[in-house]
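Have a look at the model below and keep it open while you read. We'll go from the inside of the protein to a few residues worth a closer look.

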Amino acid sequence: MSEFFNTIGKLETESRAEDILLPVHEYLINKLNAECNSECFYLINDYDDNDFDALPIEDVEKMLNNIQESPNLGNIEYILPFGKISINFITNNPFNINYIMISAEDFVIEKSRQEFYYFILEIHFRFNLLQTIGGWGLGHYLEEIRQNIYPLKYELLLS
């Protein structure tokens, strides 16, 4: 089973979902040559029931609306020139984004580490993230991260 490398970028201020979700999506598609198609999946973050069923992306606009209309937002897969990544929009308050988590499987990092780090830099500076941390398996600690508790060894990538 693959292991995931996660980066988590903290927004300078909590932002409404529509102010971050759509600009990130459009930036990935239009500037970074990402694809978001039927080979990708998305999920709605359902922390109450821990129900995280992956849904195929059949209609991009509908998928973006579904995530934006969900109180805990969600996660979208993208295919970039260097490999597939997922972006999770994380909230502490319903419908507002506090963090952007970007994940890639170990084989993507092994094959394209430099491209992945450049991608993280691009997102960090383009969306004015306060700080970005990275580490293997950080995604397992979302609840703690949402409370600003970092129980795992991580590396401060950018600040």
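Which residues of the largest nonpolar core touch the most other members? This is a predicted model, and in it that core has 38 residues, with Ile76, Ile85, Ile87, Phe89, Ile100 and Phe119 touching the most other members. Plenty of elements chip in: β1, α1 (17-31), α2 (60-68), β4 (74-80), β5 (83-90), β6 and α3 each supply at least two residues of this core. Apart from it lies another core, this one of 8 residues, including Ile8, Met101, Ile133 and Leu138.

Let's zoom in on one residue of the big core. Not counting residues up to four places away in sequence, Ile87 touches Val24, Leu28, Gly74, Asn75, Ile76, Tyr78, Ile100, Met101, Ile102 and Phe119. Among these contacts of Ile87, Met101 is one of the residues of the 8-residue core.

**Empty space inside**

How many cavities of 30 Å³ or more does the structure hold? There are 2 of them, and the largest has a volume of about 40 Å³. Around that largest cavity you'll find Thr7, Ile8, Gly9, Ile100, Ile102, Ile120, Ile123, His124, Leu129 and Thr132 as the lining. Those residues divide into 6 nonpolar and 4 polar, with no charged ones. Four elements, β1 (4-16), β6 (96-105), α3 (106-126) and β7 (129-136), each supply at least two residues of the lining. You've met Ile100 already: it lines this cavity and is also among the residues of the largest core that touch the most other members.

**Aromatic rings**

The structure holds 7 aromatic pairs. Take Phe5 and Phe116: their ring centres are 6.1 Å apart and their planes sit at 85 degrees, so the pair is edge-to-face. The pair links distant parts of the chain, with Phe5 in strand β1 and Phe116 in helix α3, 111 residues apart. Are these two residues buried or exposed? Phe5 is buried, and so is Phe116. Both also belong to one aromatic cluster, formed by Phe5, Phe82, Phe116, Tyr117, Phe119 and Trp136. Phe119 turns up here again, after its appearance in the largest nonpolar core.

**Two residues with positive phi**

Now for the backbone. Most residues other than glycine have a negative phi. Phe95 and Asn128 go the other way, and here they are together:

| Residue | Phi | Place | Relative accessible area |
|---|---|---|---|
| Phe95 | near 70 degrees | loop between β5 and β6 | 38% |
| Asn128 | near 50 degrees | loop between α3 and β7 | 51% |

Why does Phe95 count as partly exposed? Its relative accessible area is 38%, and partly exposed covers the range between under 20%, which is buried, and over 50%, which is exposed. With its 51%, Asn128 is exposed.

**A stop at Glu105**

Last, find Glu105, which lies in strand β6. Glu105 is partly exposed, with a relative accessible area of 25%. Leaving aside its neighbours within four places in sequence, Glu105 is in contact with Ser2, Glu3 and Phe4. How far apart are the C-alpha atoms of Glu105 and Ile85? They are separated by 7.6 Å, while the two residues are 20 residues apart along the chain. Ile85 is one of the largest core's residues that touch the most other members, so that's a handy place to end the tour.

Key: Residues numbered from 1 in each chain as written. Predicted model: local features only at pLDDT ≥ 70, side-chain atom pairs only at ≥ 80, totals over all residues. Heavy atoms only, no water. 1 Å grid on protein atoms, 1.4 Å probe; cavity = no way out; pocket = protein on both sides within 12 Å on 5 of 7 lines; lining within 4 Å. Points joined across faces, edges and corners; volume = space filled by probe spheres on them. Nonpolar A, V, L, I, M, F, W, Y, C, P; charged D, E, K, R; others polar. Core = buried A, V, L, I, M, F, W, Y, C linked by side-chain atoms within 4.5 Å. Buried < 20%, exposed > 50% of the residue type's maximum accessible area, 1.4 Å probe, protein only. Contact = heavy atoms within 4.5 Å. Phe/Tyr/Trp six-rings, centres within 6.5 Å; stacked < 30°, edge-to-face > 60°.
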